[in-house]
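Q: I'd like to learn how to read a model like this one, feature by feature. Can you walk me through it?

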Amino acid sequence: MEQKKKCKILISRITPNSEPQATVESGAYNLHYQISNQIIYLCICDKTYPRKLAFSYLAEVSHEFENSHGQEALSASARPFGFSSFDNFLSKTKKLYQDQRAQSNLDKLNNDLADVKKVMTKNIEDLLYRGDSLDKMSDLSSSLRNDSIKYRKRAQKINFDALLRQYIPVVGVSILFLFLVWYMLLRR
């Protein structure tokens, strides 16, 4: 009865500016509420009951209620106790969330999600590292290409200089010989 009174007080103090999800401590219990489409969903749990699980329960209830009675609930002609057919869903969902296996399944799911998050984080880090390595390789290949062009031009110049050194004496002697032959032929 005490918790019902506190729930009534809580509901009367909720305004449109209130938080959409909150937990209020009340003695040995916690009052969890969620506001969705102007409807307040409320559950009373022991303090030891996990907060995430309570809000998961409220989210499931609100989702199902909106799917089955959404427009009807917002109309001004809604009758009190007009949604008693929803009581079956509430009972089944309540049993499911009271079951300790649900908590262990949720913990297992959270652990699996944490493992997937670690793997994805590692994969993203590897991709970023590979991208960084590819950028470095691209820079190195550009530098190597530029250096190879410089070396090719320098090698051509060295080859030309070597060709000149090799054939200039032969050409010089040949020109001198031709000049002498020409000079001798002209003298006659």
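**Reading the model, step by step**

A: Let's begin with a pair in one helix: K6 and E2 both sit in helix α1 (residues 2–13), 4 residues apart, about one turn of the helix. Keep in mind that this is a predicted model.

Q: What do the K6 and E2 side chains form, and how far apart are the closest N and O atoms?

A: They form a salt bridge, with the closest N and O atoms 3.2 Å apart. The cut-off for calling one is 4 Å from a Lys or Arg side-chain nitrogen to a carboxyl oxygen of Asp or Glu. As for its surroundings, K6 counts as partly exposed because its relative accessibility is 31%.

Q: How many salt bridges does that rule give?

A: The count comes to 3. One of them is K47 with E25, where the closest N and O atoms are 3.3 Å apart. This pair links distant parts of the chain: K47 is in the loop between β3 and α2 (51–74), E25 is in strand β1 (residues 21–26), and 22 residues separate them. K47 is partly exposed at 41% relative accessibility, while E25 is exposed at 62%.

Q: And how does the salt bridge between K157 and D161 look?

A: Their side chains meet at 3.5 Å, N to O. Both residues are in helix α4 (residues 100–187), and they are separated by about one helical turn because they are 4 residues apart. K157 counts as exposed at 54% relative accessibility, and D161 as partly exposed at 25%.

Q: Let's zoom out. In what order do the elements run from the N terminus?

A: To read a fold, list the elements along the chain. Here the order is α-β-β-β-α-α-α, made up of 4 helices and 3 strands.

Q: How do I read the strand pairing, say for β1 and β2: in which sense do they pair, and over how many bridges?

A: Look for the bridges and the direction. β1 and β2 pair in the antiparallel sense over 6 bridges, with T23 standing opposite H32 in β2. The two strands form a hairpin with 2 residues between them, and G27 in the turn has a positive phi of about 65 degrees.

Q: How many bridges join β2 to β3?

A: There are 8, between strand β2 (residues 29–36) and strand β3 (residues 39–46), which run antiparallel. One partnership to find on screen is Q34 with Y41 in β3. This hairpin also has 2 residues between its strands, and N37 takes a positive phi near 55 degrees.

Q: Is Y41 buried or exposed?

A: Y41 is buried, because its relative accessible area is 7% and the cut-off for buried is under 20%. Leaving out residues up to four places away in sequence, Y41 touches H32, Y33, Q34, S36, L58, V61, S62, F65 and E66. Another way to look at Y41 is by C-alpha distance: Q21 is 20 residues away in sequence and 9.5 Å away in space.

Q: Why would I go looking for a core?

A: In soluble globular proteins, nonpolar side chains tend to be buried together. In this model, the largest nonpolar core has 13 residues, and those with the most contacts inside it are Y41, C43, Y57, L58, V61 and F65. β3 and α2 each supply at least two of its residues, and the largest share, 7 residues, comes from α2. A second, separate core has 6 residues, including I14, A22, L31 and Y33.

Q: Which residues is L58 in contact with, beyond its close neighbours in sequence?

A: Setting aside neighbours within four places, L58 contacts H32, Y33, Q34, Y41, L42 and C43.

Q: What percentage of the protein is buried?

A: Buried residues make up 16% of the 188. The protein exposes about 15500 Å², with carbon and sulfur atoms supplying 59% of that area. For contacts with a separation of 6 or more, residues 24 or more positions apart account for 40%.

Q: Which residues does UniProt list as "transmembrane region"?

A: An unreviewed UniProt entry lists residues 162–185. To check an annotation against a model, look at the geometry of the span: here it is 100% helix and 0% strand, with its end C-alpha atoms 35 Å apart.

How values were computed. Residues are numbered from 1 along each chain as its sequence is written. This is a predicted model: local features need pLDDT of at least 70, side-chain atom pairs count only at pLDDT 80 or more; totals for chains, interfaces and linings use all residues. Side-chain values use heavy atoms; hydrogens and water are left out. Two strands pair if DSSP finds at least two bridges between them. Buried means under 20% relative accessible area, exposed over 50%, partly exposed in between (1.4 Å probe, protein chains only). Contact means heavy atoms within 4.5 Å. Accessible areas come from the Shrake-Rupley method with a 1.4 Å probe; for residues, only the protein chains shown count as cover. A nonpolar core is a set of buried Ala, Val, Leu, Ile, Met, Phe, Trp, Tyr and Cys residues joined through side-chain atoms within 4.5 Å. UniProt positions are given in the numbering used here, feature names are shortened, and annotations may be inferred rather than shown by experiment.
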